[in-house]
Every structure is written in structure tokens, then in C-alpha cells.
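Hi,

Here's the structure I said I'd pass on. Have a look at it, then read on for my notes.

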Amino acid sequence: MKYIEEFRRNDAGKAILKNLAAETDPGRTYRFMEFCGGHTHAIYRYGLLDLLPGNIEMVHGPGCPVCVLPKSRLDAAIFLAKEPGVILCTYGDMIRVPATSRDTLYKAKAAGADVAMVYSALDSLAVARENPDRTVVFFAVGFETTTPPTASVIRRARDEGLRNFLVFSNHVLTTPALKIILDTGPSVALNGFIGPGHVSTVIGSDAYLPVVKEYRRPLVIAGFEPLDILQAVLMLVRQVNGNRFDVENEYTRSATREGNVKARALMDEVLEMRDTFGWRGLGLIPRSALKIRPTYAAFDAEARWDLAVFDHRECEDDEKGCACGEILQGRKKPKDCPLFARVCTPENPVGACMVSSEGACAAYYLYGYGVGRK
Amino acid sequence: MELVHGSGGRAMADLIDGLFVKAFSNPWLDKRNDQACFSVPAGRLVMTTDSFVVSPLFFPGGDIGDLAVNGTLNDVAVAGARPLYLSAGFILEEGFPLKDLKRIVESMAAASGNAGVPIVTGDTKVVERGKGDGVFINTTGVGIIEADVDISADRAQPGDAILLSGSIGDHGVAVMASRNHLKFETAITSDTAALHGLVAAMLSATTRIHAMRDPTRGGLATTLNEIAEQSGVGILLDEDRIPIKKEVLAVCELLGLDPLYVANEGKLVAICAAEDAEGLLAAMSKHPLGKDAAIIGKVVEDPRSYVQMRTALGGKRIVQWLTGEQLPRIC
Amino acid sequence: MCLAVPARVTEILPNQLAKVDIEGVVREISVDLLDDVRVGDYVIVHVGYALHKLDQEEAQKTLELFEQARTILEDTK
């Protein structure tokens with residue numbers, strides 16, 4: 001596959017690793033957080049941890065929109081799915097995530113609710129067109145990568161004059177979460193960040209300049225192929241060695257300094273900032289999530305239904321012993337959690353980090369468990 | 001389909017005669033007894049049964065009928081047995097279109113004919129609307145082990161080689177692509193096939209196959225985890241050696257699926273002593289159903305029975321049991 | 001997060017849509033978020049949307065960076 005396979009080549013990987021071995025200072029530890037769940041997934045899936053020099057530690061970040069969605073928001077989605085006449089359209093990732101009292105969209109579907117899995121937000125629009133006598137609600141989740149498609153379908157729905165299409169918006173933002181990590185952060189300091197490649201494609205690498213300047217840690221944006229990640233780690237090591245803290249971009253084929261201006265304009269037209277939003281494991285973060293603007297209220301599920309009872313404020317809702325909050329902040333590793341693999345498994349997830357295959361615990365369980373030293 | 005078709009009366013007899021017996025026709029079935037009577041050659045008898053409840057019923061490269069015949073034939077074949085006879089039981093939902101049933105029956109007849117294994121006895125029931133998912137099919141197969149083989153999932157030993165007969169993920173991806181809501185166009189078709197000819201060719205090369213299985217639901221990963229656990233060994237795979245079609249890989253990349261967990265319907269995994277591997281591979285490669293065969297890994301000592309894989313980058317990952325159903329993801 | 005893959009644009013359709021191909025697998029996607037997408041372009045596709053036109057020159061540069069590392073390594077063997 002063009003522009004994928006070339007970035008997985010073994011020989012180039014070995015070369016980058018040799019450079020890493022040569023350039024890491026044996027007298028120190030490097031602790032880098034890969035913010036994005038997709039990077040966590042790739043790191044484990046390719047077995048990169050064992051290949052990195054022993055004094056580089058990767059700390060897993062909270063960039064997993066499925067993981068950080070509070071259970072109460074999922075309760076709301078399940079409620080909507082059960083409403084008479086509703087077809088709830090959802091991405092596959094959310095279908096088996098347990099909400100309060102272990103209910104899931106999958107179980108709701110088995111009990112008779114109309115839940116339709118879609119690959120694209122556009123498909124939910126098609127469902128609305130094909131079912132004019134039903135109310136179609138699109139369960140929108142994701143960071144800035146997934147937000148422009150939501151904005152797009154809302155605008156298309158308006159342009160087409162659809163009257164049976166609504167969106168339940170749960171979109172969240174990257175830089176506020178980065179700041180929380182840096183503010184409350186791990187007990188042992190992080191030396192730098194691997195930045196999310198596709199979020200950056202939308203928001204642009206310049207978006208990280210304020211955070212990097214304020215907190216004086218380097219950030220390197222990386223693509224998702226193994227060579228991208230290794231190269232970005234090398235770039236971080238070089239910055240740390242040189243006492244620099246800049247925003248650098250390894251993923252230049254996709255991310256630019258300004259990002260996708262058109263996508264952001266569309267987001268801005270349709271969506272606006274929420275005052276505050278609850279993040280599972282991280283708590284309430286001000287100005288960290290998006291809701292639909294009043295001008296598009298006709299397409300806002302939160303305007304049609306009163307979902308206040310599913311308040312997103314109680315987000316410290318994980319069970320006793322669950323270390324997700326600390327894992328999402330990078331303070332602990334999956335194996336530090338007493339529930340990991342004993343009670344909490346991908347089949348029976350207790351906390352946020354296990355519910356999605358790119359959550360730190362799920363990725364470790366599925367790919368890294370029992371392998372190597374880390 | 002109407003309830004009267006299952007009630008044992010004239011309507012049912014007409015259906016059986018006009019559809020099933022006509023399509024499957026063979027000396028046993030034509031007798032219209034409640035059972036089939038036959039002698040078997042000397043050897044150890046093998047028997048297997050499977051029920052097919054798949055959705056969608058029709059997909060690129062086949063339908064539930066193909067799976068019902070080939071799936072059971074394969075379960076017989078991977079024991080090292082020559083399949084002899086099949087049975088077929090149908091549970092049909094009231095309202096199920098007769099033309100769909102006819103299509104399925106014709107597929108079964110073709111698959112059975114191609115394999116040279118007759119469907120010698122069967123059964124039909126009809127349930128009320130809402131109490132069945134269109135059609136459920138059960139097939140049972142018997143076969144005979146003539147060679148001196150001892151094939152069992154608990155016989156893999158450290159040092160053994162692991163062979164795979166061809167590319168993974170074709171069936172699962174073909175089925176997924178035919179699900180309208182995912183809206184992918186692709187030329188991939190199901191790999192559904194009867195493998196007993198391939199197995200016969202393999203046994204001519206060596207009878208010293210330790211374990212053999214066809215990786216259907218849950219994919220290659222599930223089958224290997226089963227064998228590892230039953231044999232009390234570990235497995236180490238080499239990602240670079242696992243054959244996979246470019247289009248299958250592309251769909252998996254697009255949807256975020258791991259091909260190791262995607263279903264196959266015409267492939268087998270065989271485990272043999274290291275010294276027999278090259279010979280076995282050569283025999284497989286000469287057969288049309290084994291032309292992409294490869295040695296994909298080896299069995300190792302491991303009290304934890306983990307299946308691990310050396311990735312394209314040279315790192316290692318574990319290949320866990322499948323948890324739940326693999327769904328397309330955005331993250 | 002954000003599973004996205006590069007795919008080649010094979011057809012431009014009305015209503016800001018396009019067909020893309022990756023190894024013979026074809027899907028219709030939206031090009032709402034981009035301007036001036038042409039047949040032959042590679043785009044990064046996420047949930048049925050093109051997010052960016054893959055910069056083929058930059059891709060080459062990145063690959064060359066890796067290639068440089070690799071050849072330096074070989075030279076020093």
C-alpha cells in the first residue's frame with residue numbers, strides 16, 4: 001500500500017534504532033508521552049517498546065476519545081437509542097463500551113433498540129434520508145480529527161432541509177488535555193510529547209506553540225507507521241539533548257503548520273466551545289469540548305431532549321481499585337493497576353483505559369502483555 | 001416457506017422431493033428412507049457436526065450453503081480423514097423466500113458434487129415467523145482415516161513448524177464488504193473451499209502431521225491460541241511470512257481490523273516436526289488450494305501458552321485470544 | 001487516535017464527493033474539507049472524509065531521511 005508500506009520497512013527501522021542507541025545519553029532517562037491512543041496502539045502492535053533503548057520510557061497519554069468519554073454521556077446515548085422512533089447511528093468503537101450498570105449500545109440493540117453502526121458520519125445522513133419517518137441521531141465522538149466530518153454532516157443536513165437528523169456531540173479538544181497533563185501531571189516529569197498526527201493535520205502544528213513555550217517541553221508530531229514513531233522519538237531525544245523545546249513535525253506529508261483551515265472554519269461555523277466538560281479519568285476541564293451552535297439547534301440532540309439528567313460532571317466514576325485516572329495522566333502503567341488482567345479485561349472492561357483497543361490497558365493487554373521487559 | 005411445509009404432510013413431502021432430493025440426488029437419498037445405510041472401509045471413523053447461522057446468507061464468492069458443506073467437509077479433512085457422507089438438517093422460518101432456499105440448496109448440491117461427497121440423509125423443520133433467522137443449517141459429516149496418522153490439537157511440540165495453506169482474511173472481508181452500511185467495493189471473494197484434496201496431497205508427503213485445523217471464526221489467531229493451550233506450548237509467528245492479499249490488508253487498514261482475527265473458510269493450519277516442514281510445504285504448494293502456502297512460525301516452550309509474533313519491525317507482540325467481536329473502529 | 005489511511009482519488013463526483021482506491025478497494029468519500037482535489041491525488045481518509053492532500057514531495061523527503069540513516073549505517077559497518 002502506497003505511503004504505508006514504505007513507512008514500515010525493517011531496514012530503515014533498524015537504522016533509526018541504531019541512531020537512537022548512539023544518541024541517547026546513557027546517563028539519563030528520557031520520558032516521553034505519546035498523547036494519542038493511536039500511537040499507543042501502534043507502539044504495542046509493532047512491539048516498539050522492546051526495540052527502544054532501555055533508558056527511553058514511553059508514557060501513555062489520554063488521547064483516546066472513547067476512553068475519556070464519561071459513562072453518563074454514554075448513558076445518554078443509550079437512552080436516545082431507546083427512544084421511540086429513533087435510529088442511533090454510531091461508530092463501531094462505542095458499541096461494546098459499558099456505561100453505568102454495565103449497559104452497552106450492543107445490549108440495547110439486542111433488546112430491540114435501533115442501533116446502526118456506521119463507518120462514516122455521511123452514512124448516518126444516508127440513514128436519515130432513507131428513513132424519513134424515523135428520527136436519526138448520530139452519536140458523534142472524537143478529537144479534532146473526527147470533528148470536521150460531524151460539522152460537515154450537520155451543514156449538509158441543513159442544506160438538504162432534512163428534518164429528521166440530529167447529532168449528539170461529544171467532541172473534545174487536544175491542547176486543553178495536554179495542559180492538564182502538564183499542570184497536574186505525572187509524579188516524575190515528562191521530557192516531551194509525541195503529538196497526534198491526524199489531529200495535527202486538522203489543527204496545524206502551530207497550535208502547540210503556546211503549550212510548548214509555556215511548559216518548555218518539546219513536542220514532535222508523528223505519523224502512525226512504526227518508522228514515523230521511531231523517527232519522532234529520535235527527534236525528541238535530539239531536542240532534549242540540545243536543551244531545546246520546539247514544535248517539530250515528523251509527519252510533514254500530512255500535517256502542516258496551519259493545518260486544515262477549511263475544516264476548522266466549518267467546525268467554527270457549526271460548533272462552539274462548552275464552558276466545561278467532564279473527562280473520564282481527568283476530571284472537569286474548562287473549555288475542552290464542543291457543542292452545536294444555537295443557529296443549528298434544529299440538529300442538536302441536546303436541544304431536542306433534556307439530557308441534563310445525564311450530567312457529565314461526575315466523571316470520577318471508576319470503581320474501587322481502578323487506576324485509570326492515574327494511567328490517563330501518565331502516573332501509572334497498566335500493570336500497576338490491581339484490577340488489570342484479573343478483573344478488568346477487554347472482554348470485561350472496568351475502567352476507561354480498557355474499553356477501547358487503543359486505551360493504554362487494552363493495547364497493553366492485547367499486544368504487549370507478557371512480551372519483553374516493559 | 002409456510003408452517004405446513006414442516007408439518008409432516010403432503011406439502012412437506014412435496015418440498016423434500018421437489019427441492020432437496022431433486023438437487024442432492026444419490027442412491028441413498030433417492031430411497032427416501034428416514035436414514036441412510038452404508039458400509040465403511042476399514043479404518044478409524046471420524047464424525048463431526050456444525051450448524052450455520054451466518055448473516056448475510058449470500059456474499060461474494062458463496063453463500064450459507066457453500067459454508068455448510070465445505071465447513072463440515074473441512075472439519076473431517078483436518079483430522080486426516082477422507083470424507084464419505086454428509087447429512088443436512090434445515091430449520092426454516094415461516095416466510096423465508098423459497099427462491100432463496102432453492103439457491104442455497106443448489107449451492108450445496110454443487111459443493112457436494114464438486115467434493116464427491118453425497119448428502120445422504122436430512123431433515124426439515126419450519127418454525128413460526130420471528131422464531132428463526134431465515135434459515136439455520138446443520139450438517140454432519142463422517143469420514144475414514146486410512147493412513148497411519150495421529151492428528152490432534154494437543155500434539156504440537158516445541159520445535160515443530162507451523163504451516164498455513166494460503167492467504168488469511170478473505171472470507172471475513174468479503175462478508176464485511178457485502179454489508180451495505182460499510183459501502184466498500186472490492187473484488188475480494190470468500191475463499192470457501194473443501195480441503196480434503198489438499199489434505200490427501202499433504203498426507204502423501206508425510207503422515208507425521210501433529211496438529212491441523214481450519215481457522216474459521218475468530219481467524220488464525222483463535223485457532224493458534226486453541227492449539228497452543230491444548231498442547232501446553234507457546235507459538236512464535238513471523239509476521240512477514242503470513243500470506244495476505246493486498247486488498248484484504250487494505251480493507252483491514254481502512255476499518256482498523258487485525259487480519260489475524262478475520263474469518264477464513266478455505267484455509268488450514270498444519271503443525272509438523274521441523275524436519276518434515278519443507279517436504280510438506282512442497283506438497284501443499286503443488287495443490288491449487290495450497291499455492292500460497294507458507295511456513296509462518298514455530299512452536300516453542302512456554303508454560304503460559306502464549307502466541308507471540310515477531311512484527312515487521314523486528315519487535316514482538318502477543319497475539320491474544322479474540323475478545324468479543326472485532327468491529328470497525330475510527331481510532 | 002484517528003485511524004486514517006492514504007488513498008488515491010480515482011473519480012470526482014458531484015456534491016463534493018469522490019471515489020478513492022487503496023489496493024483495488026474502492027469507496028466513496030467526501031472532499032468537503034478540501035479544495036481542488038483531482039484525480040490522481042493521494043488523500044488522507046478518516047471516517048469517509050479526506051482530511052488532507054498527502055504531500056508526495058514531503059513523503060519522499062521523509063523516506064529519504066530514513067534512507068540516509070540507513071546508508072550511513074551501512075557505510076559505517
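Below is what I found about how the two parts of the chain meet.

Keep in mind that this is a predicted model. Chain A is split into two domains, and each is built from two stretches of sequence: domain 1 takes 5-63 and 183-249, while domain 2 takes 67-174 and 259-313. If you go by C-alpha centres, the two domains of chain A sit 31 Å apart.

So how much area do domain 1 and domain 2 of chain A bury between them? It comes to about 890 Å², and 74% of that is on carbon and sulfur atoms. Over in domain 1 of chain A, the residues that lose the most area to domain 2 are P62(A), V199(A) and V202(A), which together make up 53% of what that side buries.

In terms of contacts, 12 residues of domain 1 of chain A touch 12 residues of domain 2. The rule finds 0 salt bridges across this interface of chain A, but there are 4 residue pairs in polar contact between the domains, counting pairs with both residues at pLDDT 80 or more.

Which elements give two or more residues to domain 1's side of the interface in chain A? They are β2 (56-63) and α10 (197-203) of chain A. Of the elements there, α10(A) gives the most, with 6 residues. Sorted by class, that side of domain 1 of chain A has 7 nonpolar residues, 5 polar ones and no charged ones.

Try finding α10(A) in the viewer, as it gives the most residues to domain 1's side facing domain 2 of chain A.

Cheers

Methods. Residues numbered from 1 in each chain as written. Chains lettered and ligands numbered in written order. Predicted model: local features only at pLDDT ≥ 70, side-chain atom pairs only at ≥ 80, totals over all residues. Heavy atoms only, no water. Domains from an automatic or database assignment. Contact = heavy atoms within 4.5 Å. Buried area = accessible area lost by both parts, 1.4 Å probe. Salt bridge = Lys/Arg side-chain N within 4 Å of Asp/Glu carboxyl O. Polar contact = N/O pair within 3.5 Å; in protein donor to acceptor, adjacent residues only side chain to side chain. Helix = DSSP H or I, 4+ residues; strand = E, 2+ residues; numbered from the N terminus. Nonpolar A, V, L, I, M, F, W, Y, C, P; charged D, E, K, R; others polar.
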